[in-house]
Amino acid sequence: MTVETQVALVEDDTGMRERIARVVDADPSLSLAYCASNAADILGWLADNAVDVLLVDLGLPDRPGLQVISQCRNMQPACAVMVLSIFGDEANMVQAFEAGASGYLLKDGTEADLATHIRHLRAGGSPMSPVIARKLLRRWQAHSGAAPAQPATATASAAAAKPAGAVTPERLSPREFEVLDLVSRGFTYVEVGVQMGVSASTVQTHIRNIYGKLDVHNKSEAVFEARNLGWLP
């Protein structure tokens, strides 16, 4: 008889929490033991309940997800922790791993393969979104003094993908900058709209324009590209 992997989740966004819960519930090898929307609830539950895997959002309303990771590792050393976050910057990534996380996935596009990532995590792996893995590699190369490899095939592919004379992406409007800044800090479209005094549909229109200007397909790629261009801190 196969033993189910017990999974707990802390995520303050109701829609995202429900989507992740559906993915876990749909996999016969996984069992969703508990869902929480804030740090206090998940830590209170973890104090009395053992779990195999904990999925943690970093932008929680009552305290940082990093504290949840650290306290979970202290309470349950055998529990494997994986971050699910919109934050793809190096600071959050490094702090999450230092706190005890073993995996780090950006939210956009993770649901389809999430069950597989959880199984790999439970088996001793360290699932990471490609952007996170690349940043971790670059950080290691910088600290070790190793120069990033530039294979001929990769160089050729890059040249083919970006023709000679390619220009910098069209600069965003002030409103688009404001939207992207708020999204990069973890606010939902509805929350962005409230702060800006516009509807969620208007925010989505700005997001589509941002995607087009940056030639990206999701929020994580947009934030990553904007930071590479120096448009976001």
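Start by selecting R175, E176, V179, L180 and V183 in helix 8, then add V203, H206, I207, N209, I210, K213 and L214 in helix 10: these are the residues through which the two helices meet. Keep in mind as you click around that this is a predicted model. Colour your selection by class and you should get seven nonpolar, two polar and three charged residues.

Now show helix 8 and helix 10 as cartoons. Their axes come within 10 Å and cross at roughly 95°, so the two helices are roughly perpendicular to each other.

**Along helix 8**

Stay with helix 8, which covers residues 174-184, and select E176, F177, V179, L180, L182, V183 and S184. Are they buried or exposed? Each of these is buried. To see what sits over them, switch on helix 9 (189-196), helix 10 (200-214) and helix 11 (219-228), which are among the elements covering those buried residues. Then follow the chain past the end of helix 8 to G186, where phi is positive, near 95°.

**Two stops on helix 10**

Click on H206, which lies in helix 10. H206 counts as buried, at 15% relative accessibility. Which residues does H206 touch, leaving out those up to four places away in sequence? They are R175, E176 and V179, and you already have all three selected as part of the helix 8 side of the contact.

Next, pick N209, also in helix 10. N209 is partly exposed, and its relative accessible area is 36%. Draw a distance from the C-alpha of N209 to that of L172: you should read 8.6 Å, for a pair 37 residues apart in sequence.

**Over to helices 3 and 4**

Clear the view and show helix 3 (residues 65-75) with helix 4 (residues 90-99). The axes of this pair come within 8 Å and cross at roughly 15°. With an angle that counts as under 35 degrees, helix 3 is therefore roughly parallel to helix 4. The crossing of helix 3 past helix 4 is right-handed. Select L66, I69, S70 and R73 on helix 3, plus N92, Q95, A96 and A99 on helix 4, to light up the contact. By class, this contact has four nonpolar, three polar and one charged residues.

From there, go to G100, in the loop between helix 4 and strand 5 (103-106). G100 is buried, with a relative accessible area of 17%. Setting aside residues up to four places away in sequence, G100 touches I69, R73 and V81; I69 and R73 also belong to the helix 3 side of the contact you just lit up. For another distance, try G100 to P77: their C-alpha atoms are separated by 9.3 Å and the two are 23 residues apart along the chain.

Then select M75, in helix 3. M75 is partly exposed, at a relative accessible area of 35%. Its contacts, not counting residues up to four places away in sequence, are L43, L46 and A47. Between M75 and L43, the C-alpha atoms are separated by 9.1 Å, with their positions 32 residues apart along the chain.

**A pair of cysteines**

Show C72 and C79 as sticks. Why is there no bond drawn between C72 and C79? The closest cysteine sulfur to that of C72 belongs to C79, and at 3.8 Å it is too far for a bond. The cut-off used here is 2.5 Å between cysteine sulfur atoms, and by this rule the count of disulfides comes to zero. Seen from the other side, C79 is in no disulfide, and its nearest cysteine sulfur is that of C72. Try a surface view too: C72 is buried, with a relative accessible area of 0%, and C79 counts as buried at 1%.

**Zooming out**

Finally, bring back the whole cartoon. How many helices and strands does the protein chain have? Counting through gives eleven helices and five strands. The chain has 233 residues, of which 42% count as buried. Of the contacts between residues at least 6 apart in sequence, 62% join residues at least 24 apart.

Methods. Residues numbered from 1 in each chain as written. Predicted model: local features only at pLDDT ≥ 70, side-chain atom pairs only at ≥ 80, totals over all residues. Heavy atoms only, no water. Axes fitted to C-alpha atoms, helices over the stretch in contact; angles between N-to-C directions. Helix = DSSP H or I, 4+ residues; strand = E, 2+ residues; numbered from the N terminus. Parallel < 35°, antiparallel > 145°, perpendicular 65-115°, else oblique. Left-handed = near helix turned anticlockwise from the far one by under 90°. Contact = heavy atoms within 4.5 Å. Nonpolar A, V, L, I, M, F, W, Y, C, P; charged D, E, K, R; others polar. Buried < 20%, exposed > 50% of the residue type's maximum accessible area, 1.4 Å probe, protein only.
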